[in-house]
Structures are given as C-alpha cells and as structure tokens.
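Colleague: Got a minute to walk me through this one? I'd like to ask a few things while we both look at it.

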Amino acid sequence: MTSAYSSTNGASLQDCHTNLFALTDINGIKWRRFSAENTYSVEPLEDPVLQSFTKCVAADVLCMWRRVKVDTSMMRTPQILFAKELWVFWYGDEPNLTSLCRELTEVDQAYGSWENGMSYECRTLLFKALHNLIER
C-alpha cells in the first residue's frame, strides 16, 4: 500500500468505503461533535463528556469520545494539553440529544454525502464507535 496512512499490516481506512456505507446510504449518516467548557479540574466520574458518553451508550446511541490536543498558546497554564470530545453518530431520525448531552457544548454538526464524502478523521471515529457497539 502506498498511502501515507498505511500501517504495518497494510490496513487503512484512508481509501476505504466499505459495504457498510453502501448499505446504509452515506447520505443518511449524520454526526455531532460536543465538548465541555472546563473538564480539567473534574474527577473522572464527574467529567461531563464521560457522563454524556455513558448516557448515550445506555440509550443505544452510536457514539465515542476521544482526547484532543488543546492549543496551549492561548492558555495561561500550559500543563493542560488535552481536552475531551464526544462524537455522536446516527442514521435517519436524530436521537434526542438534549437530555443525553445537557452539559456539553455543540462544536460541529455535519452529515455524509457522496459529493463531499466523510473525512478520514470522521470515518475512523465512526469505525471506532461501531467497533465499541459490536464489542458490547
């Protein structure tokens, strides 16, 4: 494989549009990205991103959370390097996210289409969310 994203076993999602996307009609896949205002001084069990993730999983909503690097140039305390994001995916009717993600701020809302496709980042996060769902 000559892709810049190839791994040691030759598997990459970079050029991958699996049968899953063909079967579910990529035009119908939608997602939202949420983050919390301040999760740096919070205990793990009180983290709003993790609490919302747990609520979404309990409600059978396809989701996953991840840590993202924070731009430290604008911060006074450079030791805080990462924040958390919650990504929620669905197909068809939008789930009621008001009660599930009450304490979070919506960062981004988008949908997949054949014209603009899904970014590599979004495809990998959707794959991880599906993997988590299958593992449950």
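What follows is our chat about this predicted model.

Colleague: In what order do the helices and strands of the protein chain run from the N terminus on?

Modeller: The protein chain has three helices and four strands. Reading from the N terminus, the order is α-β-α-β-β-β-α.

Colleague: And of the contacts between residues at least 6 apart in sequence, what share joins residues at least 24 apart?

Modeller: Take the contacts in the protein chain that link residues at least 6 apart in sequence. The part of these that joins residues at least 24 apart comes to 72%.

Colleague: Which residues touch the most other members of the largest nonpolar core?

Modeller: That core has 14 residues, and α2 (48–58) and β3 (82–91) each give at least two of them. There is another core apart from it, with eleven residues, including Trp31 and Met118. Back in the largest one, the residues touching the most other members are Phe34, Cys56, Leu86, Val88, Cys101 and Leu104.

Colleague: Let's stay with leucine 104: what is it in contact with, leaving aside neighbours within four places in sequence?

Modeller: Nonpolar side chains tend to be buried together in soluble globular proteins. Here, leucine 104 is in contact with Phe34, Ser35, Ala36, Pro48, Val49, Ser52 and Leu86.

Colleague: Cysteine 101 caught my eye too. How far away is the nearest cysteine sulfur?

Modeller: Cysteine 101 is buried, because its relative accessible area is 5%, under the 20% cut-off. The whole structure has zero disulfides, since a pair of sulfurs would have to lie within 2.5 Å to count. For cysteine 101 the nearest cysteine sulfur belongs to cysteine 56, and the distance is 4.2 Å.

Colleague: Now the rings. Which residues do the ring pairs link into a cluster?

Modeller: The search turns up two aromatic pairs. Tryptophan 31 and phenylalanine 89 make a tilted one, 6.4 Å centre to centre with 45 degrees between the planes; that pair joins strand β1 (residues 29–35) to strand β3, across 58 residues. Tryptophan 87 and phenylalanine 89 make a stacked one, at 6.2 Å and 25 degrees. Put together, the cluster is Trp31, Trp87 and Phe89.

Colleague: Is phenylalanine 89 buried or exposed?

Modeller: Buried means under 20% relative accessible area. Tryptophan 87 has 3%, so it counts as buried. Phenylalanine 89 has a relative accessible area of 2%, so the word for it is buried.

Colleague: What about glycine 28: how far is it in space from glycine 112, C-alpha to C-alpha?

Modeller: Glycine 28 sits in the loop between α1 (19–24) and β1, and it is buried, with a relative accessible area of 12%. Not counting residues up to four places away in sequence, glycine 28 touches Trp90, Tyr91 and Gly92. Glycine 112 is 84 residues from glycine 28 in sequence, but C-alpha to C-alpha they are apart by 6.8 Å.

Colleague: Last one, on helix α3 (residues 120–135): how far apart are its end C-alpha atoms?

Modeller: The buried residues of α3 are Cys122, Arg123, Thr124, Leu125, Leu126 and Ala129, and cysteine 122 has 1% relative accessibility. As for length, helix α3 has 16 residues, so at 1.5 Å a residue it should span 22 Å. The model agrees with that, as the end C-alpha atoms are apart by 22 Å.

Terms used
Residues are numbered from 1 along each chain as its sequence is written. This is a predicted model: local features need pLDDT of at least 70, side-chain atom pairs count only at pLDDT 80 or more; totals for chains, interfaces and linings use all residues. Side-chain values use heavy atoms; hydrogens and water are left out. Helices (H or I, at least four residues) and strands (E, at least two) are DSSP runs, numbered from the N terminus. The expected span of a helix is 1.5 Å times one less than its number of residues. Buried means under 20% relative accessible area, exposed over 50%, partly exposed in between (1.4 Å probe, protein chains only). A nonpolar core is a set of buried Ala, Val, Leu, Ile, Met, Phe, Trp, Tyr and Cys residues joined through side-chain atoms within 4.5 Å. Contact means heavy atoms within 4.5 Å. Rings of Phe, Tyr and Trp (its six-membered ring) pair if their centres lie within 6.5 Å; planes under 30 degrees apart count as stacked, over 60 as edge-to-face and the rest as tilted.
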